[in-house]
Amino acid sequence: MKRLTHEVQKKTVGLIVDRIMSEKNPEDRRKSLKHLSFVMEHLFGDLFEKESFEEARRLIDEDGKWFHFLDHALNTLNPNIVKTAVMDLGFEAGFYGLRARNAAKAKYHCNIPWAILFDPTSACNMHCIGCWAAEYGHTLNLSFDVMDKIVTQGKELGCHFYLLTGGEPLVRKADIIRLCRKHPDCEFHAFTNGTLIDDAFCHEVTDVGNLSFSLSVEGYREVNDSRRGAGHFDKVMHAMDLLREHGIVFGTSICYIRKNIETVTSDDFLDLLIRKGAYFTWYFHYMPVGNDASPDLMPTKEQRACMVRRVREIRSVKGGKPIFAIDFQNDGQYIDGCVAGGRNYCHINPNGDVEPCVFIHYSSANIKNQSLLECLQQPLFKEYAKGQPFNHNHLRPCPMLENPQYLAAMVKRSGAKSTDLISPESAEHLCAKCKEYAKQWQPVADTLWKEIQEKGKHDIEQKKDPLPKCG
């Protein structure tokens, strides 16, 4: 009966999505989008606040930036890409999967993630300065059977969204396409340097429909290539051209450090990404992970404060840019702080170790010889569940970067070990590198958080001041 209900609901939503995609008149499409919102509220209204659906309809009604953004995407992207993304990432992962995850969390008394990030391989055709993945070396791989196990067991718990990194995940692109075909009810998203994307691969991606990309870029040619190697900037620009021409969803993955933060948030740089066809940009705060990592690369407290405002202004309803900006470290206010340890996501490295976060390399569970559920029930993940949120100021979410006193204690209590097979780093050594940064950031973050609480979390997004520079 449960399966039948799922299929009926999925069919209903799919028919409405087909109608939305077939509409050419913006007003007709607007009406169909609003109809979809009412149907989703009827099916899943118990899982979300009523205001969430009302806000969605308000944005549809407004002849504003985000409706035009969506309308452009529906007119531009490959139809199979659009339909599959809506059904897999929207219906399966965002709505139906949430009900399943809530039930699994109550039954098994542990965090159940919305997304699982795993590394098909540690191999990479590049060696970027400061890349945390390089610490693993280049000889580790998850077999296809292990990757299939992750997804199969994840779906049983309600997880339908899988992120792929490495190494360079597209070293294994044949197996990734095979995985996409076997699990058409899941969305896959690869963080890639872009150099292995070619025309033939794009045809395979449009055929499966359930694979999208974040392309790594750290600025313009000179700065980007100084970290990623000569010629990378031109190769990633070419990859963007191919993805755009084939109507494939993609965005960028940008690590911001002290030296590039102004460039990668500038109007000119964002305009370049938009012209190339990027729909979103992930910003990742540099993390001093690894024995040789340099804390000097971390942004100053002034630069980070600027990022809090700048990212919100980029994606603001009025003004900003027609690209959806996400800041992994500064958007904790929208997801109640730290998402790691299986609360919303976890990481599986190419050796199979199941870690709380892509930046936290400690574990006592391995997917190769344990079930996914057993890995999610490991002591370190339970420590995360007990401690979250690690700070009620969600501009200070991380138990390593902003609250370093927590991570070392959790690793010690849980008995977790370093998963770095090349140069193991103790949690005490890692957290020691963050103490001064955390001390400097706290008063600035507290001031910003107070402003957000007093004025409302959306008010900071809609300031009329000129967009700030983060230099």
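1. A quick word on terms before the pockets come up: a pocket here is an open set of grid points with protein on both sides within 12 Å along at least five of seven lines. With that in hand, the second largest pocket comes out at about 520 Å³. Of its 24 lining residues, Ala100, Lys155, Glu156, Gly158 and His160 sit closest to the centre. Bear in mind throughout that this is a predicted model.

2. Who builds the wall of that pocket? Helix 5 gives the largest share of the lining of the second largest pocket, eight residues. At least two residues each come from helix 1 (2-22), helix 5 (79-108), helix 6 (144-156) and helix 14 (372-376). The chemistry is mixed: nine charged residues, eight nonpolar and seven polar line the second largest pocket.

3. Now the sheet. It is an open one of nine strands, with mixed pairing, and the order reads 7-6-5-4-3-2-1-8-9. Strand 7 (324-327) and strand 9 (354-355) are the edge strands; each has a single partner, so one side of each is left without a neighbour in the sheet.

4. Strand 2 deserves a closer look. On one flank, strand 2 (residues 161-164) pairs with strand 1 (residues 115-118) in the parallel sense over four bridges, and Phe118 has Leu164 as its bridge partner there. Strand 2 also pairs with strand 3 (residues 187-192), again parallel and over four bridges, with Leu163 standing opposite His189 of strand 3.

5. Are the two faces of strand 2 covered or open? Both are covered. Phe161 and Leu163 on one side, and Tyr162 and Leu164 on the other, are all buried.

6. That leads on to the packing. The largest nonpolar core has 69 residues, and the members touching the most others are Ile116, Phe118, Ile150, Tyr162, Leu211, Phe213 and Tyr283. Helix 10 (residues 232-245) makes the largest contribution to this core, seven residues. There is also a second, separate core of 47 residues, with Ile257, Phe390, Ala427 and Cys431 among its members.

7. Ile116 is a handy place to start when browsing the largest core. What does Ile116 contact beyond its neighbours within four places in sequence? The list has Ile150, Cys159, Phe161, Tyr162, Leu163, Cys346, Ile348 and Leu372. Phe161, Tyr162 and Leu163 in that list are among the buried residues of strand 2.

8. Two cis peptide bonds to check by eye. One joins Gly166 and Gly167, with omega about 20°; Gly167 lies in the loop between strand 2 and helix 7 (173-182). The other cis bond joins Gln388 and Pro389, with omega about -5°. Pro389 is in the loop between helix 15 (379-387) and helix 16 (404-414).

9. Next, backbone phi. His109 is not a glycine, yet it has a positive phi of about 55°. His109 belongs to the loop between helix 5 and strand 1. Is His109 buried or exposed? It is exposed, at 65% relative accessible area.

10. Asp336 is also a non-glycine residue with a positive phi, here about 60°. The loop that holds Asp336 runs between strand 7 and strand 8 (345-348). Asp336 has a relative accessible area of 47% and counts as partly exposed, given that exposed means over 50%.

11. On to the enclosed spaces. How many cavities of 30 Å³ or more does the structure hold? Two. The largest cavity encloses about 80 Å³, and of its 12 lining residues Val289, Gly290, His361, Tyr362 and Glu425 are closest to the centre. By class, the lining of the largest cavity has five polar, four nonpolar and three charged residues.

12. The second largest cavity has a volume of about 40 Å³. Its lining is made up of Leu59, Glu62, Gly64, Lys65, Trp66, Phe67 and Val317. Helix 4 (residues 65-76) gives the most to the lining of the second largest cavity, with three residues. Four of the lining residues are nonpolar, two are charged and one is polar.

How values were computed:
Residues numbered from 1 in each chain as written. Predicted model: local features only at pLDDT ≥ 70, side-chain atom pairs only at ≥ 80, totals over all residues. Heavy atoms only, no water. Core = buried A, V, L, I, M, F, W, Y, C linked by side-chain atoms within 4.5 Å. Buried < 20%, exposed > 50% of the residue type's maximum accessible area, 1.4 Å probe, protein only. Contact = heavy atoms within 4.5 Å. 1 Å grid on protein atoms, 1.4 Å probe; cavity = no way out; pocket = protein on both sides within 12 Å on 5 of 7 lines; lining within 4 Å. Points joined across faces, edges and corners; volume = space filled by probe spheres on them. Nonpolar A, V, L, I, M, F, W, Y, C, P; charged D, E, K, R; others polar. Pairing = 2+ DSSP bridges.
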